[in-house]
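Me: Please take a close look at one pairing of strands for me, and then follow the connections onward through the rest of the model. I am in my first year, so a careful, connected account would help.

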Amino acid sequence: MTWQYDFPVALIMKVAIIGAGVSGLPSIKCCLDEGLEPTCFERSNDIGGLWRFTNNIENGRASIYQSVVSNTSKEIMCYSDFPYPEDFPNFLPNSKLLEYIRKYAANFNLLKYIQFKTVVVGVRKCKDFESSGQWNVTTEKDGKQETTIFDAVMVCSGHHIVPYYPVESYPGIKNFRGQHFHSREYKNSDGYKGKRVVVVGMGNSAADIAAELSRTASKVFLSTRRGAWVLSRVYDDGYPWDFCYDTRFETFKRNNLPMSLVAYLNESKMNTWFNHTNYGLQPIDRTQFKEPLINDDLPSRITCGFVVVKPSVLDFTETAAKFEDGSIEDNIDVVIFATGYSFSFPFLDESVIKMEKNTIHLYKNVVPPALEKPTLGILGLIQPLGPIMPTSELQGRWLTRVFKDLEQVGRTVCRWIMWNTWMNWHLLLA
């Protein structure tokens, strides 16, 4: 008689995926590709995450302004197995990018694995985690909580939810008579006609908002602490910037040439469009190679005087902003803090991840290194020099293969136990 000990269907690895955005959706597909059983929890009523624009700010969800356009081109930011339609523009308004995300989800039939309007309130290790690697995932829907055991967890909730809002650094803001808020609350330029606005920060959001408001407000002051390299979406010979900047050859130069030479070549190239020093945008650290600031309008708005670049804000008075160079701008109506976001995973405890100064150390930028079993990963918690979508997909493919290897080990152990049990009974009855 031949005995076959197939692993029970119930023991197929069950994976919880938190978030149905640009990291969560490919994670579902990666699980399916590896024969795992995914269940995705999405707190809102739709997919898209960051790229789904709404007029209202939703609690616990990323928020974008109406005019957001992708900073990377469609050819480079698509998922590996689903190219963009030919008639889509090179750089995508948020509505077009959301359309692509919907097409991706529909093409691979991913929606049936998503539980909408379901909030993950807790992810805790099971009591036997050291041996099983399993997690208790507690969710809440319609006011009712439910806890389910999962073999693995993929956290895809993003890092543009909790605003970093450093108002404590400016004691005078308490007396400021105008409006002040984080850029997360900004939606469009309506209502800013004739106003004097200070935008604090020098990231992509700060530059976009400053350039947009400069067409409505009477004056916009853009306060930067470190400066930034600014690139246009249209680069050499009319190609998208990432076609030219994110090549293997350019990356090889950045990674292998002496730092002083790399800094010189980078600065020379960045200043071919305009001299950053003349515009008050020269980075303090010339060697920085983080993602460049992508903005087609900012230099023009600066040279026309509609946007005035200022150094760091020291403090505020009832009506004015004081800057580091000693200058004061009076009659300020609005202050917008485009100061970024803080990492936040309220459903995880400190035994899983430890944050230090808004930094989390992860193995391969995915798995918390302190875990006894690598059955939880955080995807998309990176700022690549290029698009996030294919990077998240690669992370998902790697992580699900880690999970699959663990599952195969589990299958082998289970078969060995079943075989050993059968042999013991066989000898006992012989």
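Reply: Val137 has Thr148 as its bridge partner in β6, and this pair belongs to a set of seven bridges that join β5, residues 135-141, to β6, residues 144-150. The model in front of you is a predicted one, and in it these two strands run antiparallel. Two residues lie between the strands of this hairpin, and Asp142 there takes a positive phi near 55°.

A second place to look for antiparallel pairing is an open sheet of three strands, whose order is β15-β16-β17. Its edges are β15, residues 313-316, and β17, residues 328-329, each of which pairs on one side only. Strand β16, residues 321-323, is joined to β17 by two bridges, again with the strands running antiparallel, and Ala321 finds its partner in β17 at Glu329.

From the strands we can turn to helix α1, which covers residues 24-33 and is largely enclosed by the rest of the structure, because eight of its 10 residues are buried. Those buried residues are Gly24, Leu25, Pro26, Ser27, Ile28, Lys29, Cys30 and Cys31. After the helix comes Gly35, whose phi is positive, near 80°.

The presence of a lysine in that list deserves a closer look, since side chains of opposite charge can pair when their charged atoms come close. Lys29 counts as buried because its relative accessible area is 11%, under the 20% that sets the limit, and its side chain meets that of Asp33 in a salt bridge, with 2.9 Å from N to O. Both residues lie in α1, four residues apart, which is about one turn of the helix. The pair also takes part in a network of salt bridges that links Lys29, Asp33 and Asp81.

In total, the structure holds 15 salt bridges, and some of them connect parts of the chain that are far from each other in sequence. In one of these, Arg401 forms a salt bridge with Glu34, and the closest N and O atoms are 3.0 Å apart. Arg401 sits in helix α10, residues 389-429, while Glu34 sits in the loop between α1 and β2, so that the pair links distant parts of the chain, 367 residues apart. Glu34 is buried, with a relative accessible area of 14%.

Another such contact joins the side chains of Arg233 and Asp296, at 2.8 Å from N to O. Arg233 lies in the loop between β12 and α6, and Asp296 in the loop between β13 and α9, so this salt bridge ties together parts that are 63 residues apart in sequence. The two ends sit in unlike surroundings: Arg233 is buried at a relative accessible area of 12%, whereas Asp296 is partly exposed at 32%.

Finally, consider a part of the surface that is not charged but nonpolar. Leu257, Leu261, Tyr264 and Leu265 form a nonpolar patch there, with about 340 Å² of accessible area together. Leu257 is found in the loop between α7, residues 248-256, and α8, residues 259-270. With a relative accessibility of 32%, Leu257 counts as partly exposed, because that label covers values between the 20% limit for buried and the 50% limit for exposed.

Conventions: Residues numbered from 1 in each chain as written. Predicted model: local features only at pLDDT ≥ 70, side-chain atom pairs only at ≥ 80, totals over all residues. Heavy atoms only, no water. Pairing = 2+ DSSP bridges. Patch = residues over 30% accessible without salt bridge, like charges linked within 9 Å, V, L, I, M, F, W, Y side chains within 5 Å. Areas by Shrake-Rupley, 256 points an atom, 1.4 Å probe, with all protein chains shown as cover. Salt bridge = Lys/Arg side-chain N within 4 Å of Asp/Glu carboxyl O. Buried < 20%, exposed > 50% of the residue type's maximum accessible area, 1.4 Å probe, protein only.
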